Every structure is written in C-alpha cells, then in structure tokens.
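Student: I have a model to study and many labels to sort out. Can we go through how each label is earned?

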Amino acid sequence: MSAVPTDHGVASLGEFTFECGQSVPDFEVAYETHGEFDGDNVVLVCHALTGSQNVARSPEPERDAETTGAGQAGQARAWWDDVVGPGKAIDTTEYYVVCANVPGSCYGTTGPASERPADLDLREEPDHDRWGTAFPPVQVEDWARAQRRLLDHLGVGRLRAVVGGSVGGMNALEWAKRYPDDVDRVVAIATAGRLDAQCLALDAVARRAIRADADWNGGDYYGDDRPAPTEGLAIARQIGHIMYLSKASMERKFGRRSAGRDSLTREDGDLGLPPEPTAGFFPYREVESYLDYQAEGFGDRFDANSYLYLTRAMDEYDLAAGHGTDADALAAFEGETLLMSFTADWHFTVEQSASLGDAFREAGVPVAHHVVDSDHGHDAFLVEPEHVGPPVRDFLADGVDGRAVSDEDGDDGDDPRPDSDHAPVHASLFRG
C-alpha cells in the first residue's frame, strides 16, 4: 500500500477568548493530518486526557518524535495507531484525519507551560517566562472552539465525523451541541455527558497530590533552577491508572503477588518518597510495581499545571449546561451518533452511555449504543482495537445501519455483546 500523505505543524490563530472571558493574544494549536482532503472526507479525532495530536504513525518515524518531543511515550505518541491508518478502521486512504492538541495541554498548543508574551500585564509578575497558573481556565467547550478555528485555518468546512474517547468523547459530544450543522456523524466512546461524584472525588485527590508537592510552588516551577513537582504528578498519574482498570483486570494481572527482587526495588519505586520503617517487612507487590512503572518518567513528558487544567475541564463539563437537559442540548443535531461502552468500565459506565442514547433518541437523532463485553476497564477503548475498530469503520461508512454496529438499547431485543468467553486477555502489564 502506498504511503499516505501526512502533515503536522502549529497554527497561529491570533487572539483567542476562552469561555471564562479571558484571552491570550497569540493562540497556537499543534495539529497533525493524515490522508488527502477531497472536500467531503474529514474525520476529526479528539484525544483523551494526556494524549496528543500524534494519533497515528507517519511514514517518517522521526516525525512522530518531532511532533510530541523526543523520549515521550504512552498516549503522547501514535496513541491510536491500531485504529487510524491505511486500511484500518479510520482508513487514511479514504479519510482526511485531523487531530489537534487541546488548549491547556503541553504538546504544542498554548497552555500553562507555553511562553507568555513579554508585555502581558499580570497582577503579580512571576520570575519566569511561562504562563503557569496565569493561563486562563480552560473548558471542553474551548477545545471544540479551538478545533473549529483550526479547521477554518486548514480550509475545512463540514466534517464527515468527529470521533473521541474518554474526555475526547465529551469533546465529540460538544461538537454535536455547539456545531450541529458542521458534522454528519459523531462517535463518542467510553464517555458521558458529565462525570459522577466518585470520579470527581478521585480527580480532586489527584490535583491535591500535585499541589501538595513542595516543588509545585503555586504553579511557578518553571526554569532550569527549579525542580518540577514530579512526585505529586506521579501520584496523580497513579490514581488515574487505577481509574482506568477494572477490578477484574487488576486481579487477573496482579492479584496479591509479590513483584520479586528482580523488578523495581521498593527503594527505586515509591516515587522517591521518604522511607517507611516497617516497609521492609512486607512484600513489594506487582500492583505497586505497575503503578510505579506507569508513573516513572511521566513528569518528563507532561506538565503538572496542564494536568490540573485538563482534569478541571473534564470535571466541569456538563452536556446539558445552558439547555436544561441533554436532549435539549442535542436538539439541533441532525446527523447520526455511535456510542460505545465497555461492561467493566466504571470510569464511564454502560449506564452513562445508555443515558446519552436516550437523550439522542429524545432529540430525534438516529443513534446506536454498541456495548462491548470486556473486563479490561476504561482503557479498553485504547487497547482493544479488534472490538473498537469494526463498528467505528462501518458506522463511518453506513451510519447506524453499519454491518458491525449493534444497538444495546434498540427494539430488536437482541444482545449485541459478544460471548464473554471470547473477551480479550491482555498479558502486558506495563503499557503506556
């Protein structure tokens, strides 16, 4: 198969006013495109919390590193390469795929870690050249507005589809609400119209871990002579990973097993925290080793203030805001919608997707709620392309009538979920 054209860059979009009313004078958005634009084939992909614009590999591997920064891994680089690419579910030989880093993040789009204008009038002038916590508060609504501005810059009008998972799914829902005339199809995977109280609580604890790190320094930790709050950010990352896995998958992968002395030692793990005198009496367990592995180096590729900003945006999002109900918010959308959920996902549950499906139906929007029987948890949308890809592919082609698209909440009474005996088992403990 011949190489698919790819492009990446940073678009300067001029002044941008956020939903909060504050603005930045020269707003930049980092983006990546795959495929060729024919005027009617654009698929916008929205990344999750710590993702980047680098949704898939390019023909030139060095471009992937250049796009998000050398040494970065996990969701930062080619985070959906199993789904986006030539011949894949979102086929870049057929579609022109655009992915943009969201405002407030740290992979090229303007955010807290970006250099601020020298003549910016601040109440308290920090002794560094970054925005830090002087950056305006960011909301999911700003992500959609920034994407619309970018697409205008690229000469793109109407979209074939907007696709997103997790908080990227909230971003996709916002497109149906805010730009109902600009998109034909919406795919919202493992998401909800708003977070529930348990997830709000865990996000709050994660933010407090960052702020409790002495190196956070009120958000003013930028500069060669100042250490970043990597320990607080690492703990926040660990809390996130606990949210992303299910109880069953954690038991299967780790159980109560000791990690053994050939893995990270307790001294190398524990994120550099002060030693606990009694710890040597007890085993360093595999689940602890996994969490330490996931946190290791995260502070080198992600900005702590960005983590604060993006989790706040996710927590604040409410699809019904300004409209009364979710159905009212979606009333102007005349396209079709695919909702996908995973049975063991307690971060964004099957019931929350079903509630979204009810809202779309009440608004008169053709919708399918495709449920995947999986015990992996929230991360299933990233690591189970064999279950995610077929319904996404067929929905993009044929809407809710797509061959691999099923509807858990439809009227035919059929259970679209695969036999649980065939649920995938993932042996890797240490994915990014």
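Tutor: Start with how elements are named. Helices are DSSP runs of H or I with at least four residues, strands are runs of E with at least two, and both are numbered from the N terminus. Keep in mind that this is a predicted model. The chain has 13 helices and twelve strands.

Student: What makes the place of aspartate 345 a loop?

Tutor: Look at what flanks it. Aspartate 345 sits between β11 (336–342) and α11 (350–362). Position 345 belongs to neither run, so it is in the loop between them.

Student: Why is aspartate 345 called buried?

Tutor: Buried means under 20% relative accessible area. Aspartate 345 has 3%, so it counts as buried.

Student: Which residues does aspartate 345 contact, leaving aside neighbours within four places in sequence?

Tutor: They are Ala190, Gly377 and His378.

Student: Which residues does the UniProt "active site" annotation cover?

Tutor: The unreviewed entry gives Ser166, Asp345 and His378. Such annotations may be inferred rather than shown by experiment.

Student: How do you know that they cluster in space?

Tutor: They are spread over 213 residues of sequence, yet the largest C-alpha distance is 10.7 Å. From this set, Ser166 and His378 help line the largest cavity.

Student: What about serine 166: where is it found?

Tutor: Serine 166 is in the loop between β9 (159–165) and α3 (167–178). Its relative accessibility is 6%, under the 20% limit, so serine 166 is buried. Beyond four places in sequence, serine 166 touches Ala48, Ile189, Ala190, Thr191, Phe348, His378 and Phe381.

Student: Which residues does UniProt list for "binding site"?

Tutor: The entry, also unreviewed, lists Arg237 and Asp379. They are spread over 143 residues of sequence, but cluster in space with a largest C-alpha distance of 13.9 Å. Of these residues, Asp379 is in the lining of the largest cavity.

Student: Why do arginine 237 and aspartate 379 count as buried?

Tutor: Apply the cut-off of 20% again. Arginine 237 has 4% relative accessibility, so it is buried. Aspartate 379 has 3%, so it is buried. Arginine 237 is in helix α5. Aspartate 379 is in the loop between β12 and α12.

Student: How do you know that the span of helix α5 agrees with what is expected?

Tutor: Take 1.5 Å times one less than the number of residues. For the 15 residues of α5 (residues 230–244), the expected span is 21 Å. The end C-alpha atoms are 21 Å apart, so the two values agree.

Student: What makes α5 mostly covered?

Tutor: Eleven of its 15 residues are buried. Among them are Leu233, Ala236, Arg237 and Gly240. The buried residues of α5 pack against α4 (197–212), α7 (286–295), α8 (298–301) and α9.

Student: Does the same test work on another helix, and what does α13 give?

Tutor: Helix α13 (residues 385–398) has 14 residues and should span 20 Å. Its end C-alpha atoms are 19 Å apart, which agrees. Its buried residues include Val388, Val392, Phe395 and Leu396. The elements covering them include β9, β11 and α12 (380–383). Just after α13, glycine 399 has a positive phi of about 70°.

Student: What makes a set of residues a nonpolar core?

Tutor: The members are buried residues of nonpolar types such as Leu, Val and Tyr, joined through side-chain atoms within 4.5 Å. The largest such core here has 75 residues, and Leu159 and Tyr307 have the most contacts inside it. Helix α9 (residues 304–316) gives the most to this core, with seven residues.

Student: Why is this core said to lie between two domains?

Tutor: Domain 1 (4–195 + 316–396) and domain 2 (198–302) both give residues to it, so the core lies between them. Another core, of 33 residues, lies apart from it, with Val43, Val45, Val84 and Ala190 among its members.

Student: Which residues does tyrosine 307 touch?

Tutor: Beyond four places in sequence, its contacts include Leu49, Ala206, Leu233, Arg237 and Phe302.

Student: Why is serine 249 called buried?

Tutor: Its relative accessibility is 0%, under 20%, so serine 249 is buried. Serine 249 is in helix α6 (residues 247–253).

Terms used:
Residues numbered from 1 in each chain as written. Predicted model: local features only at pLDDT ≥ 70, side-chain atom pairs only at ≥ 80, totals over all residues. Heavy atoms only, no water. Buried < 20%, exposed > 50% of the residue type's maximum accessible area, 1.4 Å probe, protein only. Domains from an automatic or database assignment. Contact = heavy atoms within 4.5 Å. 1 Å grid on protein atoms, 1.4 Å probe; cavity = no way out; pocket = protein on both sides within 12 Å on 5 of 7 lines; lining within 4 Å.
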